[in-house]
Amino acid sequence: MKRFLVLAVAVTALVAQAQGFPGSKPIVVVVPFAAGGPTDLVARDLTLAMRKSLPGANFVIENVNGAGGTIGAGKVAKASPDGHTLLIWHIGMASTPSLYRKLAFNPLVDFDFLGVVNEVPMTLIGKPQLPVNNYHDFENYIRANRGKLNMAHAGLGSASHLCGLMWQSAINAREAMNTLPFGGTAPAMTALVNGQVDVMCDQTTNTAVQIETGRVKAFAVTTSERLNHPTFLKNYPSLKEMGLNGFNLTIWHGVYAPKGTPAAVLKQLNEALKLALKDPDFIRKQEALGAVVVTDSRIEPAGHKAFVASEIAKLKPLIEAAGKFAD
Ligand code: MLT
């Protein structure tokens with residue numbers, strides 16, 4: 001009888017907590033890269049949509065950059081599991097275990113999973129002054145200028161770093177370029193547009209407008225097939241079309257809470273996330289920039305966790321073949 005009473009009290013407390021959630025306390029969403037980049041953009045658009053079904057929720061974006069996103073992720077792993085600290089991060093959750101000997105967190109142990117949000121293709125782009133205008137000339141130019149060109153990325157384990165690693169390996173030009181880390185691909189893009197760096201591989205959510213306005217040159221997309229984007233993005237060949245058979249890289253973003261967040265709070269947040277993924281405004285914004293909003297089982301916590309586990313296993317041999325860098 002006593003055990004029943006203890007359980008009843010615990011459940012009541014959890015329900016009360018969830019009913020009180022989010023209350024007046026802000027929900028801090030950690031973006032582990034600088035403001036203005038692809039991760040920041042999806043976080044801001046997603047929380048704007050989530051707010052529609054969490055009236056009164058005060059989402060606050062906190063940009064915590066460094067070490068390819070692992071600084072921000074580590075902060076959330078150690079945060080209080082009360083639902084008021086969340087992480088939005090991308091494929092780095094699955095690539096960093098194979099890129100860092102020491103991580104401040106274990107992806108499958110230190111987080112509760114809220115769902116996968118989107119899938120975003122990447123584009124290989126160059127500064128406007130590059131004297132080439134198609135992919136093959138671009139690749140030949142890099143070979144001819146081995147060691148002289150600078151490739152920007154957002155740190156070891158970032159999507160832009162992973163793309164550069166896999167692409168240079170695929171064209172047998174490992175370390176053909178100097179790699180320059182930035183706090184995110186927003187500052188990296190500024191450097192590229194200004195001609196301070198030469199090359200970058202980044203998500204269309206950050207490159208689409210720059211390509212369309214001619215502020216950068218685009219050479220290829222990293223998906224296995226061309227993008228069926230309604231406008232200009234469909235004009236660029238896939239790397240597979242350019243002879244890099246099997247090259248297929250799409251960046252996905254997921255939402256996480258610290259392990260131990262009350263189940264009722266996780267359920268409330270996941271419900272708000274799923275409604276946001278059906279929000280027409282959110283979908284329109286994402287699709288306009290080449291992204292696809294997820295609708296399959298990965299929008300559920302169990303599906304999200306299973307997907308991350310499969311991505312960790314998939315990326316490990318690819319990263320080791322591409323020549324991972326020790327931290
Ligand atoms: C990446 O390269 O990992 C992201 O584009 C970084 C960012 O969101 O700024």
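**Exercise 1. The cysteine pair**

Are Cys163 and Cys201 buried or exposed, and what joins them?

*Solution.* Start with the surroundings: Cys163 is buried, and Cys201 is buried too. Keep in mind that we're working with a predicted model here. Next, check the sulfurs. They sit 1.9 Å apart, S to S, and a pair within 2.5 Å counts as a disulfide, so Cys163 and Cys201 are joined by one. A search of the whole structure turns up one disulfide. In general terms, that's a covalent bond between the sulfur atoms of two cysteines.

**Exercise 2. Handedness and what gets tied**

Work out why the disulfide of Cys163 and Cys201 is called right-handed, then find which elements it ties together.

*Solution.* Take the torsion about the S-S bond first: for Cys163 and Cys201 it is about 75°, so the disulfide is right-handed. Now place the two ends. Cys163 belongs to helix α6 (residues 159-170) and Cys201 to strand β7 (residues 199-203), so the bond ties together parts that are 38 residues apart in sequence.

**Exercise 3. Another residue of α6**

Met166 is also in helix α6. Decide whether Met166 counts as buried, and list what it touches beyond its sequence neighbours.

*Solution.* The relative accessibility of Met166 is 12%, and the cut-off for buried is under 20%, so Met166 counts as buried. Skipping residues up to four places away in sequence, the contacts of Met166 are Phe247, Leu249, Leu318 and Ala322. For a sense of distance, try Thr261: it is 95 residues from Met166 in sequence, and the C-alpha atoms are 36 Å apart.

**Exercise 4. A covered helix**

How many of the nine residues of helix α7 (residues 185-193) are buried, and what do they pack against?

*Solution.* Go through the helix and you get seven buried residues, so α7 is mostly covered. They are Thr185, Ala186, Ala188, Met189, Ala191, Leu192 and Val193. Then look at their partners: these residues pack against α2 (38-50), β4 (111-126), β5 (150-153), α6, β7 and α8 (204-212). Notice that α6 and β7 are on that list, and they're also the elements that hold the two cysteines. Finally, step past the helix end: Gly195 follows α7, with a positive phi near 75°.

**Exercise 5. Two more helix residues**

Compare the settings of Asn270 in helix α9 (residues 263-277) and Ile312 in helix α11 (residues 301-322).

*Solution.* Burial first. Asn270 has 4% relative accessibility and counts as buried; Ile312, with a relative accessible area of 16%, is buried as well. Contacts next, leaving aside neighbours within four places in sequence. Asn270 is in contact with Leu114, Ile299, Glu300 and Pro301. Ile312 is in contact with Met93, Ala94, Pro97, Pro107 and Leu108. One of those partners makes a nice check: Met93 is 219 residues from Ile312 along the chain, yet their C-alpha atoms are separated by 8.0 Å.

**Exercise 6. Zooming out**

What radius of gyration would a compact globule of 327 residues have, and what does the protein have?

*Solution.* The rule gives a value near 20 Å, and the protein comes in at 21 Å, which agrees. Along the principal axes, the C-alpha atoms fill a box of roughly 80 × 40 × 30 Å. Inside it are 11 helices and 10 strands, and 56% of the 327 residues count as buried. Now the contacts: among those between residues at least 6 apart in sequence, 78% join residues at least 24 apart. As for the outside, the accessible surface is about 13,500 Å², with 58% of it belonging to carbon and sulfur atoms. Last step, the charges: the mean positions of the 31 positive and 24 negative ones are 4 Å apart.

Technical notes
Residues numbered from 1 in each chain as written. Predicted model: local features only at pLDDT ≥ 70, side-chain atom pairs only at ≥ 80, totals over all residues. Heavy atoms only, no water. Helix = DSSP H or I, 4+ residues; strand = E, 2+ residues; numbered from the N terminus. Rg over C-alpha atoms; globule rule 2.2 N^0.38 Å. Buried < 20%, exposed > 50% of the residue type's maximum accessible area, 1.4 Å probe, protein only. Contact = heavy atoms within 4.5 Å. Areas by Shrake-Rupley, 256 points an atom, 1.4 Å probe, with all protein chains shown as cover. Lys, Arg positive; Asp, Glu negative; His and termini not counted. Charge placed at Lys NZ, Arg CZ, Asp CG, Glu CD.
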